[in-house]
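Here is a short tour of how two protein chains meet each other and how they meet DNA. Have the structure open and follow along.

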Protein chains: 2
Amino acid sequence: MARKSAAHPPLKLDNQICFAVYSTAHAFNRIYKPLLERLGLTYPQYLVMLVLWERDDVPVKDIGQRLFLDSGTLTPLLKRLEAAGLIRRTRSAEDERQVLIALTPQGHALRDKAKTVPQGVLAASACSVDELVSLKSELVALRDRLIAALGE
Amino acid sequence: MARKSAAHPPLKLDNQICFAVYSTAHAFNRIYKPLLERLGLTYPQYLVMLVLWERDDVPVKDIGQRLFLDSGTLTPLLKRLEAAGLIRRTRSAEDERQVLIALTPQGHALRDKAKTVPQGVLAASACSVDELVSLKSELVALRDRLIAALGE
DNA sequence: CACAACTAGATTGTGCACAATATAAAATGT
DNA sequence: ACATTTTATATTGTGCACAATCTAGTTGTG
């Protein structure tokens with residue numbers, strides 16, 4: 001016995017799936033940084049813009065649910081996007097507790113400049129689209145199981 | 001033509017491999033948080049301890065290379081670990097530029113308490129070890145290609 | 001209506017993470 | 001030997017990220 005744990009000692013850094021995920025996220029961040037600099041966005045800001053380009057005029061809550069982020073993270077980030085002239089923040093008339101996030105014309109226009117970003121990342125990954133699609137769905141499945149485990 | 005990009009529109013959030021990685025890293029962080037709280041560690045601090053449990057008395061640089069982190073991140077983190085009594089920071093005698101990081105007896109002792117952490121994470125992932133090992137190596141391969149692309 | 005329970009955001013405090021810069025020590029070239 | 005370059009770490013400033021807490025607005029119940 002103990003053959004499995006001898007092959008994969010549990011406290012060795014290189015055996016940690018979490019570190020593989022963590023360090024890959026870092027690597028992506030560094031790939032994105034120069035590509036997003038042209039747009040004046042950070043990576044989390046880019047994620048928010050991706051959400052808004054799909055549909056805007058949504059409350060902060062919706063963006064947070066989509067990105068798994070809370071108001072403590074989003075409020076200052078959205079204020080920076082507003083200061084950059086990309087979005088507008090307005091209280092909802094129906095429910096005064098909600099702040100609706102809408103794109104400005106500049107925010108809409110930025111989408112065109114962003115269109116080239118995914119190609120750059122794909123090139124850096126040196127992977128086929130099929131490989132990435134399959135890796136992505138494995139990760140999403142794992143992520144959703146982890147999130148499910150949190151709710152217990 | 002354009003069939004592939006119609007199936008996978010490049011600016012849709014859910015098609016972004018990077019977001020899958022990013023959000024999975026978050027999910028791991030939340031799984032780890034309560035497990036590491038017992039040890040008085042954050043997740044990045046835990047990674048540093050994993051490195052040191054494999055070998056200590058190493059310069060800051062080595063830890064940084066292992067974890068892909070720079071001194072701006074590690075210096076304050078290591079000072080907090082020192083304040084917690086887990087490590088000692090001493091200038092190297094041979095090369096005065098280096099700060100050597102060594103475990104204290106408490107730092108060594110913490111390893112025993114940490115042994116149960118990976119089980120908790122494995123349980124939360126609801127995955128077999130084999131699945132995780134394979135996913136890990138795909139991620140590491142992708143990460144290393146991204147890092148290679150950075151150096152061009 | 002009154003009052004408790006809940007919800008959406010904002011605020012504060014702590015801890016990464018990195019770029020840019022500074023400093024000091026070591027290594028190198030002439 | 002001395003100037004140049006490189007290297008290791010530290011510092012500062014900006015921007016996430018989340019826990020804990022606060023406020024204001026909404027909903028549910030009697």
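This is a predicted model. Let us begin with a helix pair that joins the two chains: H2(A) passes H8(B) in a left-handed crossing. H2 spans residues 17-37 of chain A and H8 spans residues 129-150 of chain B; their axes come within 9 Å and cross at roughly 25°. Because angles under 35 degrees count as roughly parallel, H2(A) is roughly parallel to H8(B).

On the H2(A) side, the residues that make this contact include Ile17(A), Ala20(A), Thr24(A), Phe28(A) and Ile31(A). Facing them from H8(B) are, among others, Leu132(B), Leu139(B), Arg143(B), Leu146(B) and Leu150(B). By class, the contact holds 16 nonpolar, two polar and three charged residues.

Now to the DNA. Strand C has 29 residues around it, of which Tyr22(A), Thr75(A), Arg89(A), Thr42(B) and Arg80(B) come nearest. Sugar and phosphate make up 81% of the atoms of this strand that come within 4 Å of the protein. Both chains take part: H2, H4 (60-67), H5 (71-83) and S2 (87-91) of chain A, with H3 (43-54) and H5 (71-83) of chain B, each supply at least two residues of the surface near DNA strand C. That surface has eight nonpolar, nine polar and twelve charged residues.

What about DNA strand D? It is surrounded by 29 residues, and the closest are Thr42(A), Arg80(A), Tyr22(B), Lys61(B) and Arg89(B). Here 79% of the strand atoms within 4 Å of the protein belong to sugar or phosphate, and the rest to bases. H3 (43-54) and H5 of chain A, along with H2 (17-37), H4 (60-67), H5 and S2 (87-91) of chain B, each give at least two residues to the surface near DNA strand D. By class, this surface has eight nonpolar, nine polar and twelve charged residues.

Some individual polar contacts with the two strands are listed here.

| Protein residue and atom | DNA atom | Distance |
|---|---|---|
| Tyr22(A), polar side-chain atom | phosphate oxygen, strand C | 2.4 Å |
| Lys61(A), backbone N or O atom | phosphate oxygen, strand C | 2.9 Å |
| Arg97(A), side-chain N or O atom | base oxygen, strand C | 3.1 Å |
| Lys79(B), side-chain N or O atom | phosphate oxygen, strand D | 2.8 Å |
| Arg89(B), polar side-chain atom | phosphate oxygen, strand D | 2.5 Å |
| Arg97(B), side-chain N or O atom | base oxygen, strand D | 3.0 Å |

Two of these rows concern bases: Arg97(A) pairs with a base oxygen of DNA strand C, and Arg97(B) with a base oxygen of DNA strand D.

Note on methods. Residues numbered from 1 in each chain as written. Chains lettered and ligands numbered in written order. Predicted model: local features only at pLDDT ≥ 70, side-chain atom pairs only at ≥ 80, totals over all residues. Heavy atoms only, no water. Axes fitted to C-alpha atoms, helices over the stretch in contact; angles between N-to-C directions. Helix = DSSP H or I, 4+ residues; strand = E, 2+ residues; numbered from the N terminus. Parallel < 35°, antiparallel > 145°, perpendicular 65-115°, else oblique. Left-handed = near helix turned anticlockwise from the far one by under 90°. Contact = heavy atoms within 4.5 Å. Nonpolar A, V, L, I, M, F, W, Y, C, P; charged D, E, K, R; others polar. Near = heavy atom within 4 Å. Polar contact = N/O pair within 3.5 Å; in protein donor to acceptor, adjacent residues only side chain to side chain.
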